[in-house]
Amino acid sequence: MRLPLPFLSLLFLPFYLSAAEITVRVGEEKPLTLSLADLELLPHLTVKAADHGGKQAEWTGVPLYQVLQHAGMSFGDTLRGPALAQYVLVTASDGYRAVFALPELDPRCTDDPVLLCETMNGAPLPPETGPLRLVLPRERRHFRWVRQVVSIEVRKAAP
Ligand SMILES: Nc1nc2c(c(=O)[nH]1)N[C@H]1C(S)=C(S)[C@@H](COP(=O)(O)O)O[C@H]1N2
Ligand SMILES: [Mo]
């Protein structure tokens, strides 16, 4: 008997999801490894946004600042002075990278969310884009909607 491909991929979905983890590093602190189960425990947000093809969808994920806070980054009052010369580097499994400034992620500075998403329209993201992808509902370009995120690092800009 031949099983149809969609069925087979569903069969492997639990393995694909359980293997998934990302590394989060804040400065010189010990890097943190977060699994999807760890991320599940952080606060989530659902937003409506059109993907690169223009199709509207509902995306659910953890605001990036919450992920960084969990790894020891402090937002709020302490985000000023020298702390503003730090940046966030997000890296994907294909080597694609995008940078954010901390105020772009801080809810005290902006209402535009940057989400690390696990689901679209209630379903886990497919392997080509997931298990984790950035979603920026208000950004007019999609180049920072990083697919297949594997690491998030807070670095200091070189002097
Ligand atoms: N990992 C990874 N993410 C990526 C890219 C990429 O090359 N690799 N391209 C970006 C660009 S330029 C765009 S326009 C969108 C395209 O999103 P889509 O694949 O959902 O159409 O993904 C962004 N995220
Ligand atoms: Mo793009």
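Me: What pattern does the protein chain follow, read along the sequence?
Reply: In this predicted model, the protein chain runs α-β-β-α-β-β-α-β-β-β-β-β-β. That comes to 3 helices and 10 strands.

Me: What makes R108 and D77 a salt bridge?
Reply: Their closest N and O atoms are 3.4 Å apart, and the cut-off is within 4 Å, so the pair qualifies. R108 lies in the loop between β6 (97-101) and β7 (115-120), while D77 lies in the loop between α3 (64-70) and β5 (86-92), so the bridge ties together parts that are 31 residues apart in sequence.

Me: Why are R108 and D77 classed as they are, buried or exposed?
Reply: Exposed means over 50% relative accessible area. R108 has 58%, so that residue is exposed. D77 has 54%, so D77 counts as exposed too.

Me: How do you know that D112 and R138 meet in a salt bridge?
Reply: The N to O distance is 2.8 Å, and that is within the 4 Å limit, so yes, call it a salt bridge. D112 sits in the loop between β6 and β7, and R138 in the loop between β9 (133-135) and β10 (149-156), so parts 26 residues apart in sequence get tied together.

Me: And why does D112 get a label of its own, with R138 called exposed?
Reply: D112 is at 37% relative accessibility, between the 20% and 50% marks, so D112 counts as partly exposed. R138 is at 52%, over the 50% mark, so R138 is exposed.

Me: What about R144 and E139: why is that pair a salt bridge?
Reply: Their closest N and O atoms are 2.8 Å apart, within 4 Å, so the pair passes. R144 is at 13% relative accessibility, under 20%, so R144 counts as buried. E139, at 23%, is partly exposed. E104, E139 and R144 are also linked in a network of salt bridges, and a search of the whole structure finds 6 salt bridges.

Me: What makes W59 and W145 an edge-to-face pair?
Reply: The ring centres are 5.4 Å apart, within the 6.5 Å cut-off, and the planes are at 90 degrees, over 60, so the label is edge-to-face. W59 lies in strand β4 (residues 56-63) and W145 in the loop between β9 and β10, so the pair ties together parts 86 residues apart in sequence. W59 is at 3% relative accessibility and counts as buried; W145, at 3%, counts as buried too.

Me: Why is the pair of Y65 and F75 called edge-to-face?
Reply: Their ring centres are 5.9 Å apart and their planes are at 80 degrees, so the pair is edge-to-face. Y65 is in helix α3 and F75 in the loop between α3 and β5, 10 residues apart. Y65 is buried, and so is F75.

Me: What makes β2 and β6 the edges of the sheet?
Reply: The 5 strands form an open sheet in the order β2-β1-β10-β5-β6, with mixed pairing. β2 (32-35) and β6 each have a single partner strand, so one side of each is left without a neighbour in the sheet.

Me: How do you know that β1 and β2 pair?
Reply: Strand β1 (residues 21-26) and β2 share 4 bridges in the antiparallel sense, and at least two are needed, so they count as paired. Across that pairing, I22 stands opposite L34 in β2.

Key: Residues are numbered from 1 along each chain as its sequence is written. Chains are lettered from A and ligands numbered from 1 in the order in which they are written. This is a predicted model: local features need pLDDT of at least 70, side-chain atom pairs count only at pLDDT 80 or more; totals for chains, interfaces and linings use all residues. Side-chain values use heavy atoms; hydrogens and water are left out. A salt bridge is a side-chain nitrogen of Lys or Arg within 4 Å of a carboxyl oxygen of Asp or Glu. Buried means under 20% relative accessible area, exposed over 50%, partly exposed in between (1.4 Å probe, protein chains only). Rings of Phe, Tyr and Trp (its six-membered ring) pair if their centres lie within 6.5 Å; planes under 30 degrees apart count as stacked, over 60 as edge-to-face and the rest as tilted.
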